[in-house]
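User: I want to learn how to read a few local features, and then the DNA contacts. Can we work through them one by one?
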Number of protein chains: 2
Amino acid sequence: MFSQACKYAIRAVLYLAVHASEGKKVGVKDIAAALDVPKYFLAKILQQLSRNNLISSTKGPSGGFFLSEKNREATLKDVVECIDGPDVFNSCILGLPICSSENPCPLHVQAFAYREGLHYQLKHQAIGDLAKRIEREEQKI
Amino acid sequence: MFSQACKYAIRAVLYLAVHASEGKKVGVKDIAAALDVPKYFLAKILQQLSRNNLISSTKGPSGGFFLSEKNREATLKDVVECIDGPDVFNSCILGLPICSSENPCPLHVQAFAYREGLHYQLKHQAIGDLAKRIEREEQKI
DNA sequence: TTAATAAGAGATTTTTTTGTCTTTTATTGT
DNA sequence: ACAATAAAAGACAAAAAAATCTCTTATTAA
Ligand code: FES
Ligand code: FES
């Protein structure tokens, strides 16, 4: 479903949502250590998210990454599409050129349900709200 | 979700289920052309399926690939696990080391529910039956 | 104003996946 | 027997994804 880079991106954003803020920035090193993820690779991913204004950063001492209030209004769908491109949620599970209910492949019905269920959550839940639920339910990242 | 090889495998098996039989074998060349898939790559995949007794083949003139009655009783789950390994349907969508409802990641509920939907179909529908539905509903492969 | 810090950017390497080509082996019809 | 056929197997190449390293730029605090 998601590329490795995208998995790291989601986890990093959620980590920032829970552990960082305007006043408490976190460096790549810390995130990478906390998530047990390759440091330099994560750095690249965070750069890309930052360029697309999905996360915020400042350089220099006491600098690092965090989520602004604006950033918290975005969704994980934005994050996913930033890393894996815009077609993640509308391409055929068997790789056929078009995925549609009019011209379905043999797995379309189930695959579509799967994708849409996930898509819906990722699209309609703000990252800020998601973070609150993660803390409340003590979920793993 | 599935590797390219696995997508090709599923499509090839379904193609054989619909278009081949003990009495009407089909060669890699024909399958590759019909599915618009790289020929040599597909050959490798078919070999692997054949070694694992998920499809049947004979060498020599008028030889080729087909599905025996036994083969038709297998499921696409078997095909998928033969190519992509046994963990496809029980690994965390975020790549966390364990996926369980006791220790869920933030996407677990949705990911699990819909993954299971797909898993269920692939596990409980024999390839032979699936082929009949494909013909009946004129689905694309 | 300078040394230390941390992200940004670029280049490079490693690994995995995908795709191709060649040789061998088995089978069949002549 | 033999030429033709087609899969099996092995080696190889190309492309993509993942991961690493180095250098640059901005910022801050002493
Ligand atoms: S057509 Fe294949 S998943 Fe929709
Ligand atoms: S724990 Fe992540 S999908 Fe189940």
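User: Is Gln139(B) buried or exposed?
Analyst: Burial is read from relative accessible area: under 20% is buried, over 50% is exposed, and in between is partly exposed (1.4 Å probe, protein chains only). Gln139(B) counts as buried because its relative accessibility is 13%. The residue sits in the segment after α7 (127-136) of chain B. Helices (H or I, at least four residues) and strands (E, at least two) are DSSP runs, numbered from the N terminus.

User: What is Gln139(B) in contact with, leaving aside neighbours within four places in sequence?
Analyst: Contact means heavy atoms within 4.5 Å. Gln139(B) contacts Pro104(A), Cys105(A) and Pro106(A), plus Arg133(B) and Ile134(B).

User: What kind of model is this, and how are residues and chains labelled?
Analyst: It is a predicted model: local features need pLDDT of at least 70, side-chain atom pairs count only at pLDDT 80 or more, and totals for chains, interfaces and linings use all residues. Residues are numbered from 1 along each chain as its sequence is written, chains are lettered from A and ligands numbered from 1 in the order in which they are written, and side-chain values use heavy atoms, with hydrogens and water left out.

User: How do I read a positive phi? Which residue after α7 of chain A has one?
Analyst: Most residues other than glycine have a negative phi. Glu138(A) has a positive phi of about 50° and is not a glycine. It is found in the segment after α7 (127-136) of chain A. Glu138(A) counts as exposed because its relative accessibility is 67%.

User: Where does Asp36(B) lie, and what is its phi?
Analyst: Asp36(B) lies in the loop between α2 (28-35) and α3 of chain B. Its phi is positive, about 55°, although it is not a glycine. Asp36(B) is at 69% relative accessibility, so it counts as exposed.

User: Now a charged side chain. What is the nearest side chain of opposite charge to Arg11(A)?
Analyst: Lys and Arg count as positive and Asp and Glu as negative; His and the chain ends are not counted. A salt bridge needs a side-chain nitrogen of Lys or Arg within 4 Å of a carboxyl oxygen of Asp or Glu. Arg11(A) is buried and has no salt bridge. The nearest opposite charge is Asp36(A), 7.0 Å away.

User: What does Arg11(A) touch instead?
Analyst: Arg11(A) lies in helix α1 (residues 4-19) of chain A. Not counting residues up to four places away in sequence, it touches Leu35(A), Val37(A), Ile141(A), Leu94(B) and Leu96(B).

User: What is the overall layout of chain A?
Analyst: Read along the sequence, the pattern is α-α-α-β-β-α-α-α-α. That comes to seven helices and two strands. The C-alpha atoms fill a box of roughly 55 × 30 × 25 Å, taken along the principal axes. Of the 141 residues in chain A, 53% are buried. Among contacts with a separation of 6 or more, 63% join residues 24 or more positions apart.

User: On to DNA. Which residues come nearest to strand C?
Analyst: A residue is near a strand if one of its heavy atoms lies within 4 Å of it. There are 26 residues around DNA strand C, and Gly27(A), Lys44(A), Ser57(A), Phe41(B) and Pro61(B) come nearest. α3(A) gives the most to this surface, with four residues. Of the strand atoms within 4 Å of the protein, 61% belong to sugar or phosphate and the rest to bases.

User: Which polar contacts reach strand C?
Analyst: A polar contact is a pair of N or O atoms within 3.5 Å; within protein, one must be able to donate a hydrogen and the other to accept it, and residues adjacent in sequence count only if both atoms are side-chain atoms. A side-chain N or O atom of Lys44(A) is 2.7 Å from a base oxygen. A polar side-chain atom of Lys59(B) lies 3.3 Å from a base oxygen. Gln4(B) uses a backbone N or O atom, 2.9 Å from a phosphate oxygen.

User: What about strand D: which residues are closest?
Analyst: DNA strand D is surrounded by 26 residues, the closest being Gln4(A), Pro61(A), Gly27(B), Lys44(B) and Ser57(B). α3(B) gives the most to this surface, with four residues. A side-chain N or O atom of Gln47(B) is 3.1 Å from a base nitrogen of strand D. The side chain of Ser57(B) places an N or O atom 2.8 Å from a phosphate oxygen of strand D.
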